[in-house]
Amino acid sequence: MFKRPPTSFIAKMANLDGSRSNGGRHEVEVAARMLSDSELLQDVYLRILRSARQHGIDEVTLPDFLGLEHGETLWLAGQEELVESEIEKSLEQTLEKWAKVRDDIPIETTQRLLTSTVRVGQHRFAEGVLRNHQHRCVFCGLSASIGGRRRPRLLTASHIKPWRDSTGKERLDHRNGFTACPTHDVAFDTGLITVDKELNLHYAPGVENEMLTEGPLRAALGKPPLTDRLILPEAADRPDIAYLDWHRTQIYVAS
């Protein structure tokens with residue numbers, strides 16, 4: 001569309017993430033501001049799209065790849081799992097490296113950009129998990145589509161091996177995630193339930209006895225709504241056994 005070679009766009013994108021030694025400081029500042037302010041990002045994005053449409057550039061030539069052109073709101077999935085202090089701790093070494101390579105960029109700008117990059121990465125992870133499970137809770141089957149509309153906040157996509165304990169690669173691996181309704185997400189995260197390598201569901205000691213006398217607990221964690229085995233679409237990628245083992249030995253047993 002711009003009659004420029006792909007390499008020129010790749011270089012510009014690299015400039016925006018600030019990692020290139022000859023990248024422009026102002027481009028890094030723009031990226032940091034835009035990524036840390038979703039309302040501003042959405043506003044600029046829509047202005048660009050509207051201008052393009054007015055100049056005859058259609059959706060085939062310039063797709064609405066964020067899905068915001070028809071009134072939707074920019075929303076990053078999976079953010080409820082992230083804790084600011086854990087993000088800051090994970091970025092300490094990276095910030096030190098950036099300070100040595102790009103001393104022309106204020107540390108506050110760098111930190112804001114890196115934090116935003118983590119949040120965008122978490123969104124990518126969560127979207128991959130939700131797609132893999134077709135937007136249904138793997139524990140009870142609850143769908144995020146009700147009344148013909150998708151309700152994104154009805155389900156969450158979080159890590160089997162928690163974000164704080166995962167490597168950078170593990171944090172982006174959709175096989176390290178479950179789609180779940182809020183109740184069953186918390187039950188798994190706190191070790192009340194776990195899943196073995198055959199994808200069978202297990203209760204922590206004492207949970208089943210407690211359900212005999214506690215009706216609300218039985219309504220939340222009984223069978224139904226839970227099933228004996230994880231609910232996965234036929235074409236879904238199975239969770240990696242290594243993550244399931246980690247949860248069973250580090251979270252489930254500890255509970």
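A crossing is left-handed if the near helix is turned anticlockwise from the far one by less than a right angle, and right-handed if clockwise. I noted that before looking at a helix pair in this predicted model, where local features need pLDDT of at least 70, side-chain atom pairs count only at pLDDT 80 or more, and totals for chains, interfaces and linings use all residues. Numbering runs from 1 along each chain as its sequence is written, and side-chain values use heavy atoms, with hydrogens and water left out.

**Helix pair**

I looked up α5 (residues 92-101) and α6 (residues 107-132), which pack at about 135° with axes 10 Å apart. Helices here are DSSP runs (H or I, at least four residues), strands likewise (E, at least two), numbered from the N terminus. Axes are lines fitted to C-alpha atoms over the stretch in contact, and angles run from 0 to 180 degrees between N-to-C directions. That angle makes α5 oblique to α6 (under 35 degrees is roughly parallel, over 145 roughly antiparallel, 65 to 115 roughly perpendicular, the rest oblique). I got a right-handed crossing for α5 past α6.

Next I checked who touches whom (heavy atoms within 4.5 Å): T94, L95 and W98 of α5 meet I107, T110, Q111, L113 and L114 of α6. I count five nonpolar, three polar and no charged residues in this contact. Nonpolar means Ala, Val, Leu, Ile, Met, Phe, Trp, Tyr, Cys and Pro; charged means Asp, Glu, Lys and Arg; the others, Gly among them, are polar.
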